[in-house]
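Biologist: I'm new to this one, so could you take me slowly through a single part of it? I'd like a close look at the sheet in chain A and whatever surrounds it.

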Amino acid sequence: MKTTINVRVNGEDQRVEVDTRMIVADMLRERLRLTGVHIGCATGNCGACTVMLDGRTVKSCCLLAADVDGAEITTIEALSTGPDDLHPIQQAFVENQGLQCGFCTPGMILSAKALLESNPDPSEDEIRHGIAGNLCRCTGYHFIVKSIQDAARRMHGSPRADHPA
Amino acid sequence: MISNEIEFHAPATLAEALELLRVDGEDVTVLSGGMSLLPMMNLGIIRPTKVLSLNRVAALDHVTERGDEILIGAMVRHHRVAADPLIQRHAPLLAAAARVIGDTQVRNRGTIGGSVAHADPSADYLPALAAAGGSVTLSGARGERTLTPDEFFVDLMFTTREPDEIVTAVTVPKLPDGWRSAYQRLARVEGSFAIVNAAAVVAGDRSAATVALGGVGPRPVVIDATEQLRGGVDEESLARVGEAAYEASQDATGDVMSDAEYRREMASVFARRALREAVGPVETRS
């Protein structure tokens, strides 16, 4: 069964025809070519598919596309236009080796962003709770935590006006 | 992509949703946050042909104070249960349980009504609801009914909800002034389902105490711990509560995470821990 939904994705209004059995992660990847949205487990465990839905992080593998009609979605693609224009969190991940294979990174960064927006100066414990829904199978958590601590320092008190996302 | 075709409905009102269930209830799967349903659909464990989403029914997304009770609409998501000032003040046990459900993303989407209707025996809300003396309200074509946890939960993921009914609210009596509550869970890692969980409610003067346990049977197990605490709260009386928890957990079953005996032992430990946290510092006998 087909249905048409209207969604605002990374600031752009989109009208997308979707199958009613399509999950949001597939819609973003296959219809809108936002392949920064990764699908690891499709069971809500790994968090690689994390996106912002109406301002809150969700696992887009566990949402039906037909069920997000009218919603606003932000993916990792909204954070930067390219390697020379990285978001402070992305820059911190690069400089602290916060990624190895990179598969979990888009979800990690969006979870970090949500955390730092509600808690600009988190403790290590709060960071670990904040990314509890994101699994890194390279097990590089130590450097991910370090990256988020560095990102907090970069963003603290001097949010970059050119990165409203 | 999910392999079978789905007829999808997302009405904006409860009346429309109930009408759909009245006509077609046996064939319709109700979707709220989808934190359990979607993984099962993605894995092909269940293959619903008709899905009724409640995500547009704004009337189910409310927290309301009504006399001595707090009503929590079925579509209130866990992050709000954890942070809502009315719930924090009057039903802190529910807020404590909501805070540790899954992870941030799950709490941002999952709903209290969905969790309760799904009736997973390890769910965080179940012992909290049972210990707090809460109830579950259902609406259907034949009207509304409100059930105690004992009446609502029947067996593993099985409730007395009829196919034409929707869980519309969870109601919790306000915790009286001076009363205290606590929630404790045992899990291998943060975000995984609890192996055993325990919720405790204690009167300010310790004249009444209840502990409810999850994960030790198909439905919540409730222990009235008033008698055990009659002579005061100390390690001895807490040990008696632990024994009662062990005895009451005789329907525990084993799984890959833990065998039945371990669950019963942990029920004893976590009943004591929840109660100890609820009463605060324990006097020691000299």
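**A close look at the sheet of chain A**

Modeller: Sure! Let's get our bearings with the domain assignment, which splits chain A into domain 1, covering 2-78, and domain 2, covering 80-155. Keep in mind as we go that this is a predicted model. Taken over C-alpha atoms, the centres of domain 1 and domain 2 of chain A are 21 Å apart.

Now for the sheet itself. Five strands of chain A make up an open sheet, and if you walk across it you meet them in the order E2-E1-E5-E3-E4, with mixed pairing. At the edges stand strand E2 (12-19) and strand E4 (56-59) of chain A; each has a single partner strand, so one side of each has no neighbour in the sheet. From one strand to the next, the twist averages 40 degrees.

Let's zoom in on the E2 edge. Strand E1 of chain A, residues 2-9, pairs with E2(A) in the antiparallel sense, and eight bridges join the two. If you want one pair to find on screen, try A:Thr4, whose bridge partner in E2(A) is A:Glu17.

Over at the E4 edge, a helix comes into the picture. Helix H3 of chain A (residues 105-118) lies across strand E3 (50-53) and E4 of chain A, and H3 runs at about 40 degrees to E3(A).

That brings us back to the two domains. Where they touch, domain 1 of chain A puts in 14 residues and domain 2 of chain A puts in 11 residues. On the domain 1 side, E3(A) supplies the largest share, three residues. Sorted by class, that side of domain 1 has seven nonpolar and seven polar residues, and no charged ones.

What about the other chain? The contact between the chains takes 27 residues from chain A and 23 residues from chain B. On the chain A side, E4 and H3 of chain A are the elements that give two or more residues. E4(A) gives the most, with four residues. By class, the chain A side has 11 nonpolar, 10 polar and six charged residues.

So, to pull the picture together: E4(A) is an edge strand with a single partner strand, H3(A) lies across it and E3(A), and both E4 and H3 of chain A give two or more residues to the side that touches chain B. E3(A), meanwhile, gives the largest share of the domain 1 side that touches domain 2 of chain A.

How values were computed: Residues numbered from 1 in each chain as written. Chains lettered and ligands numbered in written order. Predicted model: local features only at pLDDT ≥ 70, side-chain atom pairs only at ≥ 80, totals over all residues. Pairing = 2+ DSSP bridges. Axes fitted to C-alpha atoms, helices over the stretch in contact; angles between N-to-C directions. Contact = placed C-beta atoms within 7 Å. Nonpolar A, V, L, I, M, F, W, Y, C, P; charged D, E, K, R; others polar. Domains from an automatic or database assignment.
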